[in-house]
Amino acid sequence: MRTKKNIKSAPTVNDKNTNAALPKSFGLRDLIVIILFVLLAALFVNLFIVDLFQTFNLRNVEPVGFVILRKNTVQRRLADRVLWDRLATESPVYLGDLIRVAELSAATLVMDGSSIDLNENTLIRITRAADGDGLQIIMTEGNLSFTGSEGGGRILFDINGMQLQPGASSAFNVTSAARGVSVHVNEGSAQVFEEGNVRQLQAGNLVMLDAGGRELEQRAAVVIHPVSNARFLNDDVNAFNVNFSWNRINLEDNELLRLEVAGDRNFNNIVNTQENLYRQTRISFNNGFWHWRLLHENTELAQGQITVIDSRGPSMQTTSERSSFNVTEDAYVVEFGWNEVNEASSYILEVSNTENFASPVIQRQSQVTSFSQPWFTDSKFTEGTWYWRVKPVFPSVFAGNSSFSQASNFTVERARTAAVNEDISLAGLLAETAQEAAPPPAVAPVLHLNSPARGTRIDGLTALRRETVFTWECEGEITSARFVLSRNADPFSGTPFMQIQNPQRSISVELGDEGTWYWNVEAQTASGFTVRGAQHGMLQISASSMLPAPRNMRPAREHRITMSELQARRSINFNWQAVSGANTYFFTIVQQTISGRRLVYQSLPLNRTSYVLEDLHILDNGTFIWQVEAVNSRQNGTIDRHGLIAESTFIMDIILPGAIQVEGTGIVYED
C-alpha cells in the first residue's frame, strides 16, 4: 500500500513571506548612483582617447631634441596630459614637455646642436622663448650641465626666476635648491639677467644667490676643466690622463686644496687622492665611471663626474659557423658579429680583400652587434682571403676618438672539379698523389672556458663571503699559460685586475666589487700554437642587498638645542635603533651650504647604537644634518654589506649677549 506524502505547493508572488524577502523597490538614489558611475566611466574613457590621440598626433610634430643617454628612471609628461611616459635612449622631446629625473638617475638631451645633462632629482620644462624663435628651459629644482656648440641654436634658461643666456661654445653648471641658485661657467661665457641688469660671466666665474635673490660671497673653486659631466674616449691601452684646472674664489694663497676620486658618489671607495693643490693637477683614470670632488680641508668646493670609455673597438666573433666558404655553393649568408661596447650608439663594419682596407668592398653602419651579407656565386666575395673590422660610434657628447678593432679574416675557396684530365703526365700524377698523401697540417687545439658560464650573475654578498671558482681546460698539451681577469670587455687589453701565470685548471678568486668582470686564459701548446677561449668569459656581480636605515633617531628631527640645554649637559647625545644584520655604524654630521654639503664631523666605526658629541666647538648657529649608516663588516674592516643612510636634523640656537669662548667641553661667556 503506497503512503501519500504531504507536498507543499510553491509560494506565489502574492505570499507575504515572499514579499518580505524581495529587495526594496528601485529608487531615485540608485538611479543617481548608476548615472554618476556611467559619467565617470565616460570621462575616463574620453581622457584615455584624448591621451592616445595626442600620442598619435606627435608623429606629425617636429621634435625639438632627443635623449641620447639615459640612466635609470627618466619620465616625460606632454603638455595638456596627465600621464607620465618613460623616456628611453633616442626618445624625442617636444615643446611643452615636462621632464623629471628620479634619484640615482640621469639623462642627456641634444637640442639645437647643444647637449644638456640632467642629473638626479631634476625637473625641467621645455617651452618657446619669449621672442618666439629660440627655446627656453625652465628649471625650478635640481642640477643640470650645459655644453653648447659653435653652430648651436639659441637656448635660454630660466633657473628659478633667474634668466641665463649661454654664449657660443660655452659650458656651465647650474644648481637650484630651496636655499638658492648657483651658476659656474666652465668654458666660454654666459649672460645673467637680474631685474633689468645684465652680468657677463666668463670661464671660471661663479654666481651664488640665496632664496631671496641676494648674492652670496663664499669661498669656492670653479673648475674650468673638465666640465661637470665630462665624457672621454680612450683609444689607448694605458690609463686616460685628465687635466684639472680651476679658478680660486675668496681663498687665501696658503689655503691649498685636495682632489679626491672615487668609484661611488658617497666617496666610500676613494681610489686616488692628491694633496696640496693650488690651481691645477693631472689625474689618470682607468676606463669606467668616476666621481671627483675638490675640497679645502673638509669643505667640498666643487664636484663632478667623469666617464672614460674604452674606444679601441670591440672583440670580434667568428663569421657564421666557419671561416672558409666554397665558391661553388649556390648561396650562403656570411654573418659578422662582435661584442657590445658600452655607451656606443652604432658600429661601422668594413670588409676588404686587402689587409690595409684601402678600398673596402663593404662599409655599413649598424645599430646592433651583427651584420648579415648574403653570398652568391656571382657576388663580390671572390676567391681569396677577406678581412673585416669594426669601429664603435659614440654620441657627440664624448670627447676623443674611437678606433677600429683588430682585423679578423675568412677565406673563400674554389672547389676542385671532378673532371679527369687525360693529358696529365705521369710526373704530374705522382706529384698530385704525393700531395694527397701528405699529412694534413696541424690544427690548433681548442681551449674551453667551462665555468662560470658566460653571463652568470652572482649576488654581491655571496661574492664577498665565498670565492668565485673559474675552471678551464685545453684539448692539447700545455707548456705555459696565464689567467687574466679584468674590467675591460677585452681582458687582454690594458692593465688587468688580476693575472696568474701557469694557473691550475681551477682558480679561486675573491670578487668583492660589483659590476661586470671579464676573464680568459691564454696558453702555449707543445705543438707551437697560442690559444685562447673563443669568447671571453663574462660574469656580473650584483650589488649587495642594502641593510635598512636605522630608525627612531634621537634627538627628534629639527630639535632645537639652546644655551640652557648645553649648559646643563655640556654635550649632545645621539642614539638610534639597532639594525638587524649590522655590527658597525658610521656617525656623520654635515652642514648644507649653497655650494653643497660641508662635512663637519665623522666618527670612527661604532659598535654601539649611540654617540655622545662633546667637542661642541665644531658647531655654530644654524641647521645641521646628522646621518647614521648601518653596515656589516669583517674583523679586518672590510665591509660586506652597506646600508641605507638615515638622516635627521638639529638646530643650534645659541644667542649670547657677548662673544662666545669655548673651553674644553663647556661654553662660557666672555665679557
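## A guided tour from a surface patch to an aromatic cluster

Begin by selecting Leu40, which is partly exposed, since its relative accessible area is 36% and partly exposed covers the range between under 20% for buried and over 50% for exposed. As you look at Leu40, keep in mind that the model on your screen is predicted. Leu40 is found in helix H2, so colouring residues 28-57 will show the helix that holds this residue.

Next, add Val33, Leu36, Phe37, Leu43 and Phe44 to the selection, because together with Leu40 they form a nonpolar patch on the surface, whose accessible area comes to about 600 Å² in total.

**The open sheet**

Now move along the chain to an open sheet of three strands, where the order is E32-E34-E37 and the pairing is antiparallel. Strand E32 (447-451) and strand E37 (506-509) stand at the edges, and each has a single partner strand, so that one side of each is left without a neighbour in the sheet. If you turn the view, you can follow the twist, which averages 25° from one strand to the next. Then select E32 together with strand E34 (residues 468-474): these two strands run antiparallel and are joined by four bridges. Within this pair of strands, Leu449 stands opposite Trp472 in E34.

**Aromatic pairs**

The structure holds 24 aromatic pairs, and the tour stops at two of them. For one of these, select Phe244 and Phe285, whose ring centres are 6.3 Å apart and whose planes are at 35°, so the pair is tilted. Phe244 lies in strand E19 (residues 240-249) and Phe285 in strand E22 (residues 280-285), so the pair ties together parts that are 41 residues apart in sequence. Are these two rings buried or exposed? Phe244 counts as buried because its relative accessibility is 2%, and Phe285 likewise counts as buried, at 2% relative accessibility.

Then select Phe574 and Phe587, which form a tilted aromatic pair, with 5.0 Å from centre to centre and 50° between the planes. This pair links distant parts of the chain, with Phe574 in strand E42 (residues 572-575) and Phe587 in strand E43 (residues 584-593), 13 residues apart. Phe574 counts as buried at 1% relative accessibility, while Phe587 is buried with a relative accessible area of 0%.

**The last stop**

Which residues form one aromatic cluster with Phe574 and Phe587? Extend the selection to Trp576, Tyr585, Tyr601, Tyr611, Phe624, Trp626 and Phe650, and the aromatic cluster will be complete on your screen.

Definitions and conventions. Residues are numbered from 1 along each chain as its sequence is written. This is a predicted model: local features need pLDDT of at least 70, side-chain atom pairs count only at pLDDT 80 or more; totals for chains, interfaces and linings use all residues. Side-chain values use heavy atoms; hydrogens and water are left out. Patches are made of residues with over 30% relative accessible area and no salt bridge: like charges are joined within 9 Å, nonpolar side chains (Val, Leu, Ile, Met, Phe, Trp, Tyr) within 5 Å. Accessible areas come from the Shrake-Rupley method with a 1.4 Å probe; for residues, only the protein chains shown count as cover. A salt bridge is a side-chain nitrogen of Lys or Arg within 4 Å of a carboxyl oxygen of Asp or Glu. Buried means under 20% relative accessible area, exposed over 50%, partly exposed in between (1.4 Å probe, protein chains only). Two strands pair if DSSP finds at least two bridges between them. Axes are lines fitted to C-alpha atoms, for helices over the stretch in contact, and angles run from 0 to 180 degrees between N-to-C directions. Rings of Phe, Tyr and Trp (its six-membered ring) pair if their centres lie within 6.5 Å; planes under 30 degrees apart count as stacked, over 60 as edge-to-face and the rest as tilted.
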